[in-house]
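Good morning, colleagues. Please look at the model on the screen while I go through a metal site and a patch of the surface.

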Amino acid sequence: MPLELELSSASVASVRTPLLAIAMDEKPGAATLVDLDKALGGALQRAIEGREFRGARDEMLQFSGVPEGARRVLLVGMGKTADRPGALRRAAALAARQANKLGSGEIAFHAGILDEKSVEAVTAGLIAGSWEYKDLKSPPPEEERRAPLARATILADDNEATRRGFAAGQAIGTGHSLARSLAMMPGNLCTPEFLATTAREIAERYGMKLTVLGRAEMTAEGMGSFLSVAQGTPQDPKLIAIEYAGGKAGEKPITLVGKGLCFDSGGISIKPAQSMEDMKFDMCGAAGVLGALEAIGRMKLPINVVGLIGATTNMPSGTAANPGDVVKSHLGKYIEIINTDAEGRLVLADVLSYARKFDPAVVIDAATLTGACVIALGHTATGVFGTDEALVGEVIAAGKRAGEPGWAMPLWDEYRELIKSDVADIKNSGGRPAGAITAAMFLKEFTEAYPWIHLDIAGTAYSETDLVAIPKGPTGTPTGTFIEFVRGRLT
Ligand code: BES
Ligand code: MN
Ligand code: ZN
């Protein structure tokens, strides 16, 4: 059930709510909250003076049993930050998560005076914090049930600007939630077919054009690289293309590409059993494309965007591709498969080649591509690869606005040596050294026709630990980066 949200210009002291969350920075003060503090019998002032609450990032302090207005008050710290929207988004997510845990059902959120961008951040944050994937959990017995967060009120002046921010925040939040739910779904439910169905629903909702190629159509297209990955699975692979024409006719589209491995076992080069279940997350790039299109459609952005997804599973079987096999890609280059577990680049090679059909202004692909990227940048930054420095900077800036930090990685010709093949034009693995870079160098071979950026989200798309504002599981990355990049290109 989606979170129901409203903007309200009610005063913080008078709002009647089971839970009032108040975000404060590193210099918390009770001065602007005099009336509320009266209802709290001066507890707020005492807590701040006594340093029981310092406003540090993620710090929380709760008062309950408030006699009037809000029944509970939750202070949430934002710490010292230059990025106020980012801090507000995080605080709102944390507050909403807390509301879910408390079972308050409703929340009101106050953070002083909020401008358009702040309202947007709070709205998106509340939606992010309320997100849960519960489809596959039986409800607990009646007496143990807690009300999930169903309603949120943002205390802000109700004007044209804040309403714009509110609408944008809802679109962004909805896109993120969609991406996270798709990512969280197990591989037996979120299949290539299911991704295509989800794409169809988005396309129908917002009047976008959808094209889906299956095994037969891809064979006719000569997509030997993509098909080599799908060779071992009975499930029909899908190349999904969604065209959103919000801009002028003839204007070149921004093209977003996502790796959609609904499960990656490694194929014949099979992975170890340890954490193999996490490879259901190998479609987070695809989830980001769908989440971004959901948000872009909702916002009715006046720009042309194409979303492309390469969806399949990578399975070992008697029909699977073997190490040593050579396949002919859609672009015509021959690829020697050294390792069938380096399948994402094989899928993307053909999708990136297919992208030429749309005459893109720019192509950004996102893929949980390499374990090596996790070694290089950990779970903190997305690897950003490109040869156009200005474009790299533009994408990193977009990620920063979205709260999805990225870091530039080199794509120097020297690295091409590592993926030279003895028998074919290129091989799909260069071994362990610079593994994230050689994967990107491989993709680069198929992207000469347009400006291009590759995002390696292997470390950032999902988390194996609770991240305080985000639970263990999918983070929503790269949805926000995609959305912000597109918004940044509006003229
Ligand atoms: N999907 C994996 C990459 C991955 C690993 C994502 C860990 C998230 C967490 C990718 O398909 C893969 O298996 N890559 C190999 C490439 C290697 C065989 C050259 C890897 O990273 O080990
Ligand atoms: Mn793999
Ligand atoms: Zn993979």
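A donor, for the present purpose, is an N, O or S atom within 2.8 Å of the metal, and water is not among the atoms, so a site may look incomplete. Please also keep in mind that this is a predicted model.

I begin with the manganese ion (ligand 2). Which protein atoms serve as its donors? They are D264 (OD), D341 (O), D341 (OD) and E343 (OE), at 2.0 to 2.2 Å from the ion. Along the chain, the donors of the manganese ion (ligand 2) follow the spacing D-x76-D-x1-E. D264 belongs to strand β9 (residues 254-264), while D341 sits in the loop between β12 (334-336) and α10 (344-354), so this pair ties together parts that are 77 residues apart in sequence.

The two aspartates may also be described by their accessibility. D264 is buried, at a relative accessible area of 3%, whereas D341 is partly exposed, at 21%.

Turning to geometry, the six donor atoms around the manganese ion (ligand 2) subtend angles of 70 to 164°, and the arrangement is therefore irregular. For reference, ideal angles for six octahedral donors are 90 or 180 degrees.

What separates the manganese ion (ligand 2) from the zinc ion (ligand 3)? The distance is 3.2 Å, and D264 coordinates both ions.

Finally, I turn to the surface. V326, Y334 and V423 make a nonpolar patch of about 280 Å². Of these residues, V326 lies in strand β11 (residues 326-328) and counts as partly exposed, with 39% relative accessibility.

Methods. Residues are numbered from 1 along each chain as its sequence is written. Chains are lettered from A and ligands numbered from 1 in the order in which they are written. This is a predicted model: local features need pLDDT of at least 70, side-chain atom pairs count only at pLDDT 80 or more; totals for chains, interfaces and linings use all residues. Side-chain values use heavy atoms; hydrogens and water are left out. Patches are made of residues with over 30% relative accessible area and no salt bridge: like charges are joined within 9 Å, nonpolar side chains (Val, Leu, Ile, Met, Phe, Trp, Tyr) within 5 Å. Accessible areas come from the Shrake-Rupley method with a 1.4 Å probe; for residues, only the protein chains shown count as cover. A salt bridge is a side-chain nitrogen of Lys or Arg within 4 Å of a carboxyl oxygen of Asp or Glu. Helices (H or I, at least four residues) and strands (E, at least two) are DSSP runs, numbered from the N terminus. Buried means under 20% relative accessible area, exposed over 50%, partly exposed in between (1.4 Å probe, protein chains only). Four donors count as tetrahedral if all angles lie between 85 and 135 degrees; four count as square planar and six as octahedral if opposite donors are over 155 degrees apart and all others between 65 and 115; anything else is irregular.
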